[in-house]
Amino acid sequence: MASMSPHLLQPMITKLESISSLTEEERYAVENLPVRVRTHQSREDIVRDGDRVSQCCLILEGWAYRYKILGGGRRQIFSFHIAGDIPDLPSLHIPLMDHSLATITKATMAFIPHEAMRDLTYQFPRLAAVLWRDTLVDAGIFREWMACMGQRSAYDHLAHLFCELYLKQEAVGLAGEHRCPLPMTQADLGDATGMSNVHVNRTLQEMRGDGLIILRNKTLVIKAWNELIRAAEFDDTYLHLRERTVG
Amino acid sequence: MSLHLQPVQVATGSADSDSHLVFSDGLLVAVLVHLSDQHEEEAGMWYLEAGFGPISGPDEPPFVNLDAAQAWISSRLATRSVRDRGRH
C-alpha cells in the first residue's frame with residue numbers, strides 16, 4: 001500500500017464532481033485515500049461471484065464490466081464501466097459478491113480498502129451522500145437496461161445503449177464531438193442486450209445503413225445524434241448529468 | 001423421429017434470407033437461416049432464427065452446417081420425448 005500523488009485519483013474526483021461539487025477538504029480527503037494500484041490485462045477477472053471482498057475497485061484507466069455466468073456457460077453482462085467508476089462500491093456494505101467484475105481492455109485499477117472508504121464516509125457525510133447518489137444513478141441505469149431488454153426492439157435498444165455510453169464518457173471528459181471509445185466486442189454487446197451475435201451484427205449494419213453510426217476500430221462515431229436519440233426515445237434524465245452535458 | 005426440411009425465404013431485415021423450415025412429424029419446430037457474407041467468420045453457417053416447443057430457448061450459436069443443426073434439433077426433440085415419457 002502506498003501513499004498517493006494527488007493526481008492519481010483524479011478520475012474519482014472528476015466522477016464525484018460530475019455528481020456534486022466538492023470542497024477543498026473533501027477533495028483532499030479523497031486524494032489521500034490509501035490505495036494500491038494494479039494494472040490488469042484485458043479480459044481479467046477483478047472479483048468473482050461468491051468472493052468476499054475487503055476493498056473497492058476504482059477504475060483509473062480502461063474499461064470493465066459486471067457479469068454473471070449462468071448454466072451452460074451463458075453470460076449476462078449487467079453494466080459497462082469507465083474511468084472514475086467504482087463498480088463494486090456496493091461491496092462496502094455487501095461484501096459477498098453476487099456477480100463478477102472483469103476488465104474489457106487493459107486497465108489500471110486503484111484498490112481502496114473498505115476501512116478507508118468507511119472512514120471517509122464517516123468523516124465526510126456529504127461525500128457519503130455523493131457516493132450514495134452514484135449508486136442510485138447506477139440503479140436508474142439498471143432500470144433503463146431492464147426497460148430496453150423487455151420492451152425495445154434490437155435497433156432501439158442498441159441506439160439507447162450507444163447514447164448512454166457516449167454521454168457517460170462525455171460527462172467525465174473521455175468523449176466529445178459525438179465520437180467515443182467503444183472497446184467491447186459484438187459478443188459483449190449481445191450478452192449485455194440479450195441478443196445473439198447474429199442479431200447484433202444485423203442491427204449494427206442496419207444502423208450504419210441508416211447513417212446513424214459507424215462502429216470501427218473500437219471507436220463509435222455518431223453521425224446523426226438527433227436521429228439516434230429519436231430512435232432510442234432517449235431521455236438522459238436517468239443519468240443525472242444535466243449540469244455537465246448542457247451547452 | 002425424422003426431420004423434413006422445406007426451403008423458404010425469410011424476411012430477416014438483412015441479407016440473410018435463404019432459409020429452411022424444419023418439420024418433425026409434420027409440425028414446424030424450427031426456422032434455420034443461412035448466414036450471408038455480412039457475418040464474416042460466421043458467414044455460411046446456419047442460424048436458428050426461431051425454435052418452437054422443445055427447440056425454443058435462449059439463442060444458440062450458429063451451426064457449421066445443416067447436418068449439425070439437424071443433429072442438435074433431433075437431440076433436443078429426443079430429450080424432450082424421454083422427459084415426456086417419464087412423466088406419463
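What pattern does chain B follow, read along the sequence? Select chain B and trace it from the N terminus: the pattern is β-β-β-β-α. That gives one helix and four strands, where helices (H or I, at least four residues) and strands (E, at least two) are DSSP runs, numbered from the N terminus.

Before moving on, a word on what you have open. This is a predicted model, in which local features need pLDDT of at least 70 and side-chain atom pairs count only at pLDDT 80 or more, while totals for chains, interfaces and linings use all residues. Residues are numbered from 1 along each chain as its sequence is written, and chains are lettered from A and ligands numbered from 1 in the order in which they are written.

Stay on chain B and colour it by pLDDT, the predictor's confidence in each residue, from 0 to 100. Chain B averages 91, and 91% of its residues score at least 70. For the model, the scores are ipTM 0.87 and pTM 0.91. The C-alpha atoms of chain B fit a box of roughly 45 × 25 × 20 Å along the principal axes.

Now hop over to chain A and select β2, β6, β4 and β5. They make an open sheet, in that order, with antiparallel pairing; two strands pair if DSSP finds at least two bridges between them. β2 (45-47) and β5 (75-81) of chain A are at the edges, each with a single partner strand, so one side of each has no neighbour in the sheet.

Next, zoom in on β4 (residues 64-69) of chain A: six bridges join this strand to β5(A), and the two run antiparallel. Last stop: pick Tyr65(A), and you'll find Phe80(A) of β5(A) standing opposite.
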